[in-house]
Amino acid sequence: LQALAKNAGLKDVFTKKRLDEYDLEAYSSTLAQVKLYKDQFPEINERLKFIDFQPAKAGGKASKELNGIIIGGKLDDSDVYIETVASGWWTKGELTNKAILDHELAHVLDYSYKLSEDAIIKEVTSLPKQVIEQGLSRYATKHEMEVIAEAWAEYLNSPKPRSIAKRIGDRIAELTGAATAPLKSEAIAEALIDDIIPKKMA
């Protein structure tokens, strides 16, 4: 993992868990995703020095002070993700560990490119909480930075990002000059969102 971390431009990668073959594959995929981000968004290099894998914890956390990301959850535990998305707590499309990492990396983008200060993005993040909850997620109502992160995760991982996600995603691409196509997920089929989720909630 350290070699992969170095290739991704990270100083360190941490995990307290003894890794099995599945973990190695999942973590390697995560580090490859980080490398894509660093290639597309050079401004994040100074704000993303390490990743700490903590599989026992849920979700993740981007640390502005420490310049790194903590990524948790049982990697690609689809039942957990589907139930959390179906309840409206997380946004549509946030069904894989990739999407959780996209959410956390959006915070790093925000710190690096001052996305929260952009007038067009502010128009969206200042929408009434009820509109944000219905058009994105309940988690997004916690803070304007979470609106950006949830929108970015949906923008990259849903086959049909909704209006809020599309407005913010398009604006981030415009502000950063990045190509977002390499970051988008093809793994989440429309059927997963439109068919499996309703069955899980039935």
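Helix α4 of this predicted model is mostly covered, with 16 of its 17 residues buried. The helix runs over residues 97-113 and reaches 24 Å from its first C-alpha to its last, which is close to the 24 Å expected at 1.5 Å a residue. One of the residues placed in α4 is His107, which counts as buried because its relative accessibility is 7%, under the 20% limit. Apart from neighbours within four places in sequence, His107 is in contact with Ala62, Met145, Glu146 and Ala149.

Immediately after α4 comes Lys114, with a positive phi. This residue belongs to the loop between α4 and α5, the latter being residues 119-125, and its phi is near 55°, a positive value in a residue other than glycine. Most residues other than glycine have a negative phi.

From there the reader may turn to helices α7 and α8. In general, two packed helices are described by the angle between their axes and the distance between the axes. For α7 (residues 144-157) and α8 (residues 163-176), the axes come within 8 Å and cross at roughly 90°, and the two helices are therefore roughly perpendicular to each other. On the α7 side the contact is made by Val147, Ile148, Ala151, Trp152, Glu154 and Tyr155, while α8 contributes Ile164, Ala165, Lys166, Ile168, Gly169, Asp170 and Ile172. Sorted by character, the residues of this contact divide into nine nonpolar, one polar and three charged.

Two of the α7 residues in that contact, Trp152 and Tyr155, also lead into the aromatic side chains of the model. A search of the whole structure finds five aromatic pairs. In one of them, the rings of Tyr37 and Phe41 have centres 5.6 Å apart and planes at 35°, so the pair is tilted; both Tyr37 and Phe41 are buried. Trp152 and Tyr155 form another aromatic pair, which is stacked, with 5.7 Å from centre to centre and 20° between the planes. Both of these residues lie in helix α7, three residues apart, or about one turn of the helix. An α-helix has 3.6 residues a turn, so residues three or four places apart point the same way. Trp152 is buried because its relative accessible area is 0%, and Tyr155 likewise counts as buried because its relative accessibility is 6%. Tyr37, Phe41, Tyr113, Trp152 and Tyr155 form one aromatic cluster.

Helix α2, which spans residues 21-40, includes Ser28. Ser28 is partly exposed, because its relative accessible area of 25% falls between the limits of 20% and 50%. The C-alpha atom of Ser28 is separated by 7.0 Å from that of Leu4, although the two residues are 24 residues apart along the chain.

These elements can finally be set within the whole chain. The secondary structure comes to nine helices and four strands, and, read along the sequence, the chain follows the pattern α-β-α-β-β-β-α-α-α-α-α-α-α. Of the 202 residues of the chain, 49% count as buried. Among contacts between residues at least 6 apart in sequence, 62% join residues at least 24 apart.

Note on methods: Residues numbered from 1 in each chain as written. Predicted model: local features only at pLDDT ≥ 70, side-chain atom pairs only at ≥ 80, totals over all residues. Heavy atoms only, no water. Axes fitted to C-alpha atoms, helices over the stretch in contact; angles between N-to-C directions. Parallel < 35°, antiparallel > 145°, perpendicular 65-115°, else oblique. Contact = heavy atoms within 4.5 Å. Nonpolar A, V, L, I, M, F, W, Y, C, P; charged D, E, K, R; others polar. Buried < 20%, exposed > 50% of the residue type's maximum accessible area, 1.4 Å probe, protein only. Expected span 1.5 Å × (residues − 1). Phe/Tyr/Trp six-rings, centres within 6.5 Å; stacked < 30°, edge-to-face > 60°.
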